[in-house]
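Visitor: I'd like a close look at one part of this model rather than a quick tour of everything. Pick up the thread at a single residue and follow it outwards for me.

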Amino acid sequence: MDRTAAEVEMLQRRTEEAEAGHRQWQEVGDLHEFLMSQVLSGCDLQTLAEAAADGLGGVLTICAGDGTVLASTAGEQPDDELMIPRAMMDAHAAGKAVRVKNSLWAAPVMMGDENLGAVLLRTERPLWDSGVRLLGLVAQATAVLLLRQNSHGIVMESQARDGFLDDLVNRTRSTRELDRRARKLGVALEESYVVVVASPVGDARRKAMIWASSYAHRNDGLKSEQAGRVVFLLPGTDAAEVAREVHNDLSPLLRHLVTVSAAGPVSGAGPIHRSYLEALRCLEVMGALGLSGRSAAASELGFLGLLVSDDHDVDGFIESVIGPVARYDDQRLTQLTDTLEAFFHASGSPTHAAKALHVHPNTVARRLERVSELLGEGWHRPDRALEVQLALKLRRMRSALMGREPLAGGHRTGADGE
């Protein structure tokens, strides 16, 4: 074959490739036009998914921002429950259709910067540039359909729940107003909750916020963003355990260092702000102690949080350690705090404490039983006893310096004889 024939053959091949590429892009345009016509005519998500899947040659799944599957041509939920949040995180972080792994692709569904969800495609066929472009156009059509069907309800509900947690942690509204909004949003604040703060590093923060929507939804909680950190209000009674669960779920997905702190449990709108501050203080202490990339609860750090914190929140420390006892005394004019001080001064001897208080030893025993009910069993163990004594001393010192010395033993009487 002479040179001229080879050049002609190469030119023909390039022409055929150009024509094939043009046909592919023409098909993309035609399918996108068809999908948009379906959307504007009022089709549902399942119809849109099936039409897009035919054009892309794979299994298509449409997810909401919280990870809920809205439509799928697979007919069943994915076996890997982490697959959806991982795919959504990668797609939204990239801001375009991306290959997540192997045969799985994902495209973000967005309105501005608002996360409406994602379109996932599983296909064994190669996805050329035209196919990647089409997947992105399918995501755009999905966004239009979601907004048409819900009249921005999806975005508004998400923003309302995020804004509610913003107000809870920053205490920008009255307790009555917060309780009213909780009822409207269906959030049972009378239950037990834990405040969690997750602090990822670098460019992982955007991914973390995308994941947070799904995690909060799956765990019946609330999420928000404060100063680049993810903040949760999650059901639970053990702050340390909830922090570990968040850390163990988020870290493998981000593949970045993430530090998680928690405080609680709390019930009602009022204490959430204080618990949020405790969680932030816990985060600071963890950094100072070289514990970045791990999880911990404020209750695990104790008075270290008071010593290392920049704001030295004495009131917060006293409240977290002996708050229930102090409030009980204030409300019932009892002497539980005085009894605690006498108990520690007597080296843990109820008999000697009774002599110092000029009461019967049985009275001291009853008061200490009430303390156990308020603070929980184990308050007299060495680690907690140190914190209780420190809180008692700080409380008495603060009150004395402010000219509000608590009434001494014998000046208070309660209906229950305490």
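Visitor: Where is Asp220 found?

Guide: Asp220 is found in the loop between α7 and β7. Keep in mind that this is a predicted model. What may catch your eye is the backbone of Asp220: it has a positive phi of about 55 degrees, although it is not a glycine. Most residues other than glycine have a negative phi. As for its surroundings, Asp220 is exposed, because its relative accessible area is 62% and anything over 50% counts as exposed.

Walk on from that loop and you come to strand β7, which covers residues 222-226. Four of the five residues of β7 are buried, so the strand is largely enclosed by the rest of the structure. Its pairing is with β8: five bridges join the two, and they run antiparallel. To place one pair by name, Leu222 has Leu233 in β8 as its bridge partner. Together β7 and β8 make a hairpin, with two residues between them.

The turn of that hairpin holds another oddity. Ala227 lies in the loop between β7 and β8, and its phi is near 55 degrees, a positive value in a residue other than glycine. Ala227 is exposed too, because its relative accessible area is 73% and the cut-off is over 50%.

Now zoom out to the sheet. Five strands form an open sheet in the order β7-β8-β6-β9-β10, with mixed pairing. β7 stands at one edge and β10 (295-297) at the other; each has a single partner strand, so one side of each is left without a neighbour in the sheet. From one strand to the next, the twist averages 20 degrees.

The next step inwards from the hairpin is β6. Strand β6 (residues 193-200) pairs with β8 (residues 229-235) in the antiparallel sense, over six bridges. Val196 is a good residue to click on here, with Phe232 in β8 as its bridge partner. Skip its neighbours within four places in sequence and Val196 still has contacts with Val230, Val231, Phe232, Leu234, Val242, Val246, Val260, Ser261 and Ala262. The largest nonpolar core has 39 residues, and those touching the most other members are Leu120, Val196, Trp211, Phe232 and Val246. Apart from that core lies another, of 28 residues, with Phe164, Ala182, Ala269 and Cys282 among them. For background, nonpolar side chains tend to be buried together in soluble globular proteins.

Two helices lie across these strands. α7 (residues 204-218) lies across β6, β7 and β8, and runs at about 15 degrees to β8. α8 (residues 239-254) lies across β6, β8, β9 (258-266) and β10, running at about 150 degrees to β9.

Strand β9 has a backbone quirk of its own. A cis peptide bond joins Gly264 and Pro265, with omega at about 10 degrees, and Pro265 is found in β9. Again for background, most peptide bonds are trans.

At the other edge, look at Ala296, which lies in strand β10. Ala296 is buried, because its relative accessible area is 7% and buried means under 20%. Not counting residues up to four places away in sequence, Ala296 touches Ala243, Val260, Ser261, Ala262, Cys282 and Met286. If you'd like a C-alpha distance to check, Ala296 and His247 are 9.6 Å apart in space and 49 residues apart in sequence.

To put this part in context, the protein chain has 16 helices and ten strands. Of its 418 residues, 46% count as buried. Take the contacts between residues at least 6 apart in sequence, and 64% of them join residues at least 24 apart. The accessible surface comes to about 21200 Å², and 50% of that belongs to carbon and sulfur atoms.

One last stop, for the rings: a search of the whole structure finds four aromatic pairs. One of them is formed by Phe343 and Phe344, edge-to-face at 5.6 Å centre to centre and 65 degrees between the planes. Both Phe343 and Phe344 are buried, and with Trp379 they form one aromatic cluster.

Methods
Residues are numbered from 1 along each chain as its sequence is written. This is a predicted model: local features need pLDDT of at least 70, side-chain atom pairs count only at pLDDT 80 or more; totals for chains, interfaces and linings use all residues. Side-chain values use heavy atoms; hydrogens and water are left out. A nonpolar core is a set of buried Ala, Val, Leu, Ile, Met, Phe, Trp, Tyr and Cys residues joined through side-chain atoms within 4.5 Å. Buried means under 20% relative accessible area, exposed over 50%, partly exposed in between (1.4 Å probe, protein chains only). Contact means heavy atoms within 4.5 Å. Two strands pair if DSSP finds at least two bridges between them. Axes are lines fitted to C-alpha atoms, for helices over the stretch in contact, and angles run from 0 to 180 degrees between N-to-C directions. Accessible areas come from the Shrake-Rupley method with a 1.4 Å probe; for residues, only the protein chains shown count as cover. Rings of Phe, Tyr and Trp (its six-membered ring) pair if their centres lie within 6.5 Å; planes under 30 degrees apart count as stacked, over 60 as edge-to-face and the rest as tilted.
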